[in-house]
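Here are my notes on this one, jotted down as I went through it. Have the viewer open while you read.

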Amino acid sequence: MRADMQQDRILHTDGLAIGYDSDLITGIGLDVMPGRIVTLIGPNGSGKSTLLKTLTGQLEARGGMNALDKAQNMSMLMTSSVRPRMMTCREVVAMGRYPYTGRFGKLKESDEKTVDHALDLTGSREVADRFFDRISDGQRQRVMLARAICQQPRVLILDEPTSYLDIRYRLDILNTIRTIADRDNVAVVMSLHELEPAMRISDFVVAVGEGRILRSGTPQEVFEESFIRRLYGIEDRDISLLGPGPWMEKTADIHAGIEENGTDTHRTGARAIMIQGTMSGAGKSMIAAGLCRIFTQDGYSVAPFKSQNMALNSYVTSEGLEMGRAQVMQAGCCKREPLVCMNPVLLKPTDDQGSQVIVNGIPVGNMRAAEYFRYKQQLIPEIMSAYEKLSGMADIIVIEGAGSPAELNLKKNDIVNMGLARMTDAPVLLVGDIDRGGVFAQLIGTLELLEPDERARVKGLIVNKFRGDIGLFEDGVRILEEKGHKPVTGVVPYLDIRLEDEDSLSDRFSVRGKKAFDICVIRFPRISNFTDMDVFGQAPDISVRYVDDPDGVGDPDVIILPGTKNTGGDLEWMRQHGLDDAVISYARAGGGGVVIGICGGYQMLGMRISDPEGVESGVTSPGLGLLPVETVMAREKTRTLYTGHIPSWKGVLEDMSGMQVTGYEIHNGITTPAGSDPDYTDAEACVYAPDGTGCCSGNVYGTYIHGIFDEEGVAPRLVSLIAAHKGKDIDVSMMRGHFDESEAMYDKLAAHLRECLDMDSIYEMMGIVRP
Amino acid sequence: MIMDRKRVTIVFILMLVCLAMLVWINAVTGSVSIPPGEVISAVLGRSSDEMWTNIIMNIRLPRMIAAIVLGGCLALSGYLLQTFFDNPIVGPFVLGISSGAKLTVALTLIFLLSKGRNIGSFGMIVSAFAGAMMAMVFVLLISSKTRSMSLLVICGIMIGYICSAITDFVVTFADDSNIVNLHNWSMGSLSGINMTQVTIMSVLALVCLACAVCMSKPISAYRLGQAYAASMGVNIRLLKVMLIVISSLLAASVTAFAGPISFVGIAVPHLVGNTVRTSSPAVMIPSCFLGGAVVTLMCDCIARSIFAPTEVSISSVTAVLLVPVVIRMMLGRRKNAG
């Protein structure tokens, strides 16, 4: 790539020597590409301004070569204070149009528009009609920048553009500069005194001192504290007044296994990398998981982190706390126990507008979207303390973003994407999904919509889910790098791998075709923990169909009522759609169809569900009446891991009784036998599990245990029994226990990513130098 | 253009009205009062009174046109010099350019008269321009050594004094017959200008004015300073040469015909600038010219009528009227800077 770019360079010096009466700096070799920001750093008097003046042609070069086209192609902002009298700021800005106007400098309409735009871009509109010598230094600086922008140069040369400015305007100016570089493809060469912004905004840093260029390269390469301290001659000074910065020694010990010469030193503890996607389902979780495993394989102590999950699926940790499943899976990749601090905020949608908000594993209440939008600001300390906790126990933290970082309407107070990247100071890899099409628009569009500082955080692009011959995408990579000004860290071929799904947006619900053994899962609108059924997907002869209308039910071999976030609501939904009758008639048909209810599904199978505390709807509603149990909703949630045995089931699945299962329970209600219910006639056939985790009656089975099918042997036995009952022969040899399978899968994923990702550059982004 | 157009238009109209009134006053008043109706017929060549026609056409009209043209030249020269030095308190007189021109004109005059030959208008201008450029070169040498505005002005005044001293020295040893003439001229006076001279100065002034208007775009950029102007593609070297040549030529032609007239060059651009409230050269160049014309015509009117029939030097009037303006401006700037 670099060889191609050489031809695009817009400013080039070779062996340049500069100075006034004698050589100040010699041997300057610079190559500046369009869209890149090159920053000069160095002590006062080191010759930064002299170099810039030589580049602009104000000073003659004392030797060497300095190639740059003039006039229309270059504009500048210098530190000298010019104060023309009786000249409005608008006139000053309009001077930038000089090379474009005619003999008498008359502005055309298009010129006026450019002037307006430049004024807006620098926030100078309000001073436009005031005299330039009557405004503050900071305003003047911005107006002069507007003038430089107005000239629409290809190279922008800025000498201390942030001088005189308070932090707000400094921020604005830096953002503006980044925007111009990225959007208009302008090359920027500037000097900066402030090192922190220099470190963040620059694509390339040139450190000037001792009469030569001491070091040049990416910010990571240049901002090394011992070098910075030497550059400014503060090796043995007390620097406590400066606060944290690139001049600071490390504040915390880095765990063994990481080289000591990392760059970004004010992070405490762990190094971080953040995976953000251009959209939901771009494959963030998978990439994050793969990286977790790769780092783990490379000998680091790794932990996953995602500030906020929006998912119906949740997992209960050994501490009895609820967290998103994706981080559980990723923790598995890290060979770690899942901890709630890996996912401090979990939102479980309860209906179209509201969600249950779970902070640090404990529900704090239901909130409407708008309400949560206001509330989430308060969660920052929680998120940060969770992160700190995690960084205390890991070398590397792999952070996953949520959705897209460019959801402009939701960006305020963002705590999941760029907001989090900023808080944790993590480099970002942006993942686009080529399988769904429009990957250029996804990646470049997302970059375009980011604020300049955010864009600077993105260190690499990943094209995910590529199908076909990667060689054919070389052009694509080149275009992405040219237009995005970011390296493509990897093109990841489509990997047909089944990891835990994060939420209900996955492809699984689109399965329609029936196979030899047909499982019908009722697709509740607020379905949760649907990974319970994943184990069946492994066998080629089994179809797992998610059905949301009675016609779709057909004549399956088993119907499963999965978990739901809102039992009452989804039960009502079943009634409205006639699914209740479909399930009941299936269960009561001649053969006695097998119906399994899990958690919320189990509650529905009972006689009634009462809600005296108003946890859900507050009303008591009758259940499907297939099991002689009743459920009382309670505010207190049951959250436990479960290890036990299948109780003495009757019916078709009788032979499964006593099998060991491990899983977990998450539910609000308590389900107890309904006693001598007059509506229920077949009470004798009912078996109620002694530990209260389930009940079975005939071929209807209810259980609170999520993951009940995951234990080795459980699912194959279940399928075999039902198939035998139906007189079918189903090959279940492919089915493996859920958790056993994942280890191999994680390694497969890691190997896959190693092949297509530039791991060296990813380590470099994190400031880790591999031996 | 970005400015208060309405304000600029009003100022122009006001200046033209003032100019018309002053022309009228100048035409009818003087040591001989001429009735207004006769003035018009004299100009139209229908007057029966030959003396009145003579007074109007050969004395008052050339003098008025000279006042207008030379006043405009002085103010424009001042404006260009102020632009060049980025210094609002410079002008051809303060920088010693007028005095330099005066010196060479005096030398040439005495030298040629001693040979018994008269000097033509053209010779006057050439010698004045040579003197102006000589003084200018000195000023440029000084300005390359210092950035201080006041030091530059003080050096200019010193140059002016040296030139005046040499002029006085030459005059002291000149023939008596020449002294009266020379004395009048060296004090600055618009009297005795004939129509041929008026034609020459008008052509010269118009050429300079046209050049200045053509340079309004680079001058406009030059307001932001050399470095920025250069970065926008202004040919700085050419612009500087043009500024120096044109401002010197303007100052020289004034000095050649009317002797040194003080302070119009400094004060008028300042007064005009404050009135139109823009420093855009496209506005400033014509309005300085017009403003200089109005002020000089007014001062000449005062000079010849205040102690009539005795005429005072026009420089005395401009000094009395304009020095307070200049002082006020300098104080005002000090306040702004503070």
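1. Quick definition before the sheet: two strands pair if DSSP finds at least two bridges between them. Keep in mind, too, that this is a predicted model.

2. On that basis, chain A has an open sheet of four strands, in the order β29-β28-β30-β31, and the pairing is mixed. Which strands stand at the edges? They are β29 (621-622) and β31 (660-673) of chain A; each has a single partner strand, so one side of each has no neighbour in the sheet.

3. Inside that sheet, look at β28 (residues 608-610) and β30 (residues 629-645) of chain A: they run parallel and are joined by three bridges. To find the register, start at A:Ile609, whose bridge partner in β30(A) is A:Thr631.

4. Over in chain B, helix α3 (residues 50-85) packs on helix α13 (residues 281-305) with the axes 6 Å apart and an angle of about 130°. The two are therefore oblique to each other, and their crossing is right-handed. Residues making the contact include B:Leu70, B:Gly71 and B:Leu74 of α3(B), and B:Gly291, B:Gly292 and B:Val295 of α13(B). By class, that contact has 16 nonpolar, five polar and one charged residues.

5. Now the contact between the chains: 26 residues come from chain A and 20 residues from chain B. On the chain A side, β5 (74-77) and α3 (89-94) each supply at least two residues. The largest share there, four residues, belongs to α3(A). The side of chain A that touches chain B breaks down into 14 nonpolar, seven polar and five charged residues.

Technical notes. Residues are numbered from 1 along each chain as its sequence is written. Chains are lettered from A and ligands numbered from 1 in the order in which they are written. This is a predicted model: local features need pLDDT of at least 70, side-chain atom pairs count only at pLDDT 80 or more; totals for chains, interfaces and linings use all residues. Two residues are in contact if their C-beta atoms, placed from the backbone, lie within 7 Å. Ala, Val, Leu, Ile, Met, Phe, Trp, Tyr, Cys and Pro count as nonpolar, Asp, Glu, Lys and Arg as charged, and the others, Gly among them, as polar. Axes are lines fitted to C-alpha atoms, for helices over the stretch in contact, and angles run from 0 to 180 degrees between N-to-C directions. Angles under 35 degrees count as roughly parallel, over 145 as roughly antiparallel, 65 to 115 as roughly perpendicular and the rest as oblique. A crossing is left-handed if the near helix is turned anticlockwise from the far one by less than a right angle, and right-handed if clockwise.
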